[in-house]
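Work through these short exercises with the sequence and the model side by side. Try each task before you read its solution.

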Amino acid sequence: MSHHIVIVGGGTGGSVLANNLAERLNTEITEGDVNVTLVNDGPDHVYKPVWLYVPFGKREPEDGRRRLSELIDDRIDLRNERVSEIDTDAKQLHYQDRAGSVDYDSLVLATGSTLAPEEIPGLAKGGHDYYSEDGAVALREELLPFTEGHLVLSVIGTPHMCPAAPLEFVFMADDWFRKRGLREAIEITYTYPTDRVHGNPNIAEWAKPLLDERNINVETFFNAEEVDPESKVITSMEGPDLDYDLLVSIPPHRGIDLIKEAGLGDNGWVSVDKHTLEAEHADDVYALGDTAETGVPKAGSVAHYQAGVVAQRLSSTVRGYPATATYDGKTICFLETGMDEASFVAFDYENPPNPVPPSQKLHWSKLAYNEAYWLTARGLL
């Protein structure tokens, strides 16, 4: 009887995992002892970090898009389907547009994050984001001709994808306006919902002096409650209102309803053991990347490293060995500090982040990785 591994989600985590399993379990797949299926609700794989550069006219959305069929190993059964139900007791999946069910022996959920701007009245109409392809394109149309006024970037709710990206955006915007001789005519304000400028205290301690040095206003304990698109005002629960001419928001993030409906976790995130990545409320189920509630950032590097751990654990299970591989919280991130400089940080569960001094070399390293990312998705890096 073939062991059926099903991966739901074709983002970074799901793609890296599928290609890793194709290599690790080559013999078992060839002999018919293992079948690996990757299910994604669309034909494309999207590299979301590209969206940060789109509003500044530096990249195009298609730069971050490839066909999954071009990235995924031929040994993987690739399915363009939407999963509508997960029954962890029966170990079955149901597809939205197909009758019947699909059995699995091991299930990996890599369903990512979704944006929920509708949770804040007026936000969908009054704000712009670069956390979606359409949002990044719409923001470009507003940002490129913006020559004076008040730009507000408001982080609305945590956790969210790529925790450094809000800081990156205001650092890049500041530098971009300066290089165009516009900065004196543009006020920039950055808001964050807690008592510091970033969720991680070490990152916050590093970033605050940079914000001050660049005359970027900071409003902490600013939990956005409502946006008035007509008067261009964003209101917080704590009381202060901010007038804006251009509002850039990081909308509330949620997982998918499918996870909650399956009893695997609240808000669409799967409750897991942070070291093994095994679901706490079901057997033979793993989660990784944004989907896994581990306390580490919702970042591509996290999904990449977690995929390697899950691949090792599943390979051990298939071969009848104890699964011993564990995830140590490893995270790496390049942080743009302008249009041509960046910092870098690496940390894990035991070692806190310590961003290095910004340099042009690190900026080019980030751009180089963005180009090389497609090798990562293919399991080659």
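**Exercise 1.** Decide whether Pro 209 counts as buried, partly exposed or exposed.

*Solution.*
- Start with the source: this is a predicted model.
- Take the value next. The relative accessibility of Pro 209 is 46%.
- Compare it with the cut-offs. Buried means under 20%, exposed means over 50%, and partly exposed is in between.
- Conclude: Pro 209 is partly exposed, because its relative accessibility is 46%.
- Now place the residue. Pro 209 sits in helix α7, which covers residues 201–213.
- Add a distance. From C-alpha to C-alpha, Pro 209 and Arg 140 are 28 Å apart in space, with their positions 69 residues apart in sequence.

**Exercise 2.** Find the domains of the protein and describe how they meet.

*Solution.*
- Read the bounds. Domain 1 is made of 3–113 + 255–330, and domain 2 is 116–253.
- Look at the separation. The C-alpha centres of domain 1 and domain 2 are 31 Å apart.
- Check the contacts. Domain 1 brings 17 residues into contact with 22 residues of domain 2.

**Exercise 3.** Explain why the second largest pocket is said to lie between domain 1 and domain 2.

*Solution.*
- Begin with the volume of the second largest pocket, about 580 Å³.
- Count the lining: 31 residues. Nearest the centre of the pocket are Pro 163, Gly 295, Val 296, Pro 297 and Lys 298.
- Ask which domains take part. Domain 1 and domain 2 both give residues to the lining, so the second largest pocket lies between them.
- Turn to the strands. β21 (292–293), β22 (331–336) and β23 (342–347) each supply at least two lining residues. The largest share comes from β22, with three residues.
- Sort the lining by class. It has 18 nonpolar, ten polar and three charged residues.

**Exercise 4.** Work out which strands are the edges of the sheet β6-β7-β8.

*Solution.*
- Write down the order. Three strands form an open sheet, β6-β7-β8, with antiparallel pairing.
- Look for strands that pair on one side only. These are β6 (83–87) and β8 (102–103), the edge strands.
- Recall how such pairing works. Strands of a sheet pair through backbone hydrogen bonds, either parallel or antiparallel.
- Take one pair. β7, residues 92–95, joins β8 in the antiparallel sense over two bridges.
- Finish with a residue pair: Leu 93 stands opposite Val 102 in β8.

Notes: Residues numbered from 1 in each chain as written. Predicted model: local features only at pLDDT ≥ 70, side-chain atom pairs only at ≥ 80, totals over all residues. Heavy atoms only, no water. Helix = DSSP H or I, 4+ residues; strand = E, 2+ residues; numbered from the N terminus. Buried < 20%, exposed > 50% of the residue type's maximum accessible area, 1.4 Å probe, protein only. 1 Å grid on protein atoms, 1.4 Å probe; cavity = no way out; pocket = protein on both sides within 12 Å on 5 of 7 lines; lining within 4 Å. Points joined across faces, edges and corners; volume = space filled by probe spheres on them. Nonpolar A, V, L, I, M, F, W, Y, C, P; charged D, E, K, R; others polar. Domains from an automatic or database assignment. Pairing = 2+ DSSP bridges. Contact = heavy atoms within 4.5 Å.
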